[in-house]
Amino acid sequence: MLTCWLAWFKRMTLRDTLLSYEVHMQMGEWDASNSSESSWRSSAWLEGIMQKVRFLLTTIHQVPEGALVLLTDLDVMPLNPYSGLVAAMPPSRDLMMMHNYQTHFVANSGFQLLRNNVRTRLFVDTWLAEMMRFGLSPNKDDQRFFNIILYDIETRPDKRPGLNLSWATFPHNLVGAKLDGRFVTPRTIAFHALGRPSSRSKLQRMDEVLQLLHSGARSSPVWQRPCDRTAIESSGCSRQ
């Protein structure tokens, strides 16, 4: 997935004239006995989640005050310039993320745009601290802690003193995970291949997204050409 994501992200950033990008990455050590088919919800997967949030906290303490920081999972495929996400984020907003399609959660922590300030740093610090305090399990992952904190901010602010950040989810037609022509359009900015347990099945879903996009028009917009169907094969992802 890393090979795919780097290829897609490079093509997108080279064509986005409205933003300058700085990529921060951390490679974790994984148990080689866990294949892509079995690693989901494994102990290595849970450790990777913890490392991801820890790395996010480190990163936002390194970038300038007010800088925009995008946290993305590797199974999120860019379809249009991410400057469109910035345009959709009001100056007063501290945090925006993808909508979560699970009924008991509102936000998906795998794709989020943060404005680096004291409120978002406190939020991420609290998120990490609670995961470390209570521990992670397949049914108690980063999504659950993320949404519980957001719920408390929204409904019980007295329980989270100081966490008065402004947050919202991106519109479904900008960032989504449903293979639906109402939401996957030429204006869609990113697609998240949720609910797929392996790299191969995620790539198959992304290929279906690209087929859906191209079936509605004879030619794709210039911003989506780097993500045409050959992008998967040319980046070597079909062999993973």
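In this predicted model, helix H4 (residues 118–134) and helix H5 approach each other with their axes within 10 Å, crossing at roughly 125°. Angles over 145 degrees count as roughly antiparallel and those from 65 to 115 as roughly perpendicular, the rest above these being oblique; the two helices H4 and H5 are therefore oblique to each other. The crossing of H4 and H5 is right-handed. On the H4 side, the contact is made by Phe123, Thr126, Trp127, Glu130, Met131 and Phe134. The residues of H5 that they meet are Asp142, Phe145, Phe146, Ile149, Leu150 and Ile153. Sorted by class, the contact of H4 with H5 comprises nine nonpolar residues, one polar residue and two charged residues.

Helix H5 also takes part in the packing around a sheet. This sheet is open and contains four strands, in the order S1-S4-S3-S5, with mixed pairing. Strand S1 (68–72) and strand S5 (167–169) form its edges, each pairing on one side only. On average, and with direction ignored, neighbouring strands of the sheet are turned by 20° against each other. Within the sheet, strand S3 (residues 95–99) and strand S4 (residues 107–115) run antiparallel and are joined by five bridges. In this pairing, Leu95 is placed opposite Leu114 of S4.

Two helices are described against these strands. Helix H5 (residues 142–155) packs on the sheet through S3, S4 and S5, and its direction makes about 60° with that of S4. Helix H2 (residues 43–60) lies across S1 and S4 and runs at about 165° to S1.

A further open sheet is built from three strands in the order S2-S7-S6, again with mixed pairing. Strand S2 (76–78) and strand S6 (175–176) stand at its edges; each has a single partner strand, so one side of each is left without a neighbour in the sheet. Strand S2 is joined by three bridges to strand S7 (residues 190–192), and these two strands run antiparallel. Pro78 stands across from Ala190 in S7. Helix H6 (residues 199–215) packs on this sheet, where it touches S2 and S7. The direction of helix H6 makes about 35° with that of S2.

Terms used
Residues are numbered from 1 along each chain as its sequence is written. This is a predicted model: local features need pLDDT of at least 70, side-chain atom pairs count only at pLDDT 80 or more; totals for chains, interfaces and linings use all residues. Side-chain values use heavy atoms; hydrogens and water are left out. Two strands pair if DSSP finds at least two bridges between them. Axes are lines fitted to C-alpha atoms, for helices over the stretch in contact, and angles run from 0 to 180 degrees between N-to-C directions. Contact means heavy atoms within 4.5 Å. Angles under 35 degrees count as roughly parallel, over 145 as roughly antiparallel, 65 to 115 as roughly perpendicular and the rest as oblique. A crossing is left-handed if the near helix is turned anticlockwise from the far one by less than a right angle, and right-handed if clockwise. Ala, Val, Leu, Ile, Met, Phe, Trp, Tyr, Cys and Pro count as nonpolar, Asp, Glu, Lys and Arg as charged, and the others, Gly among them, as polar.
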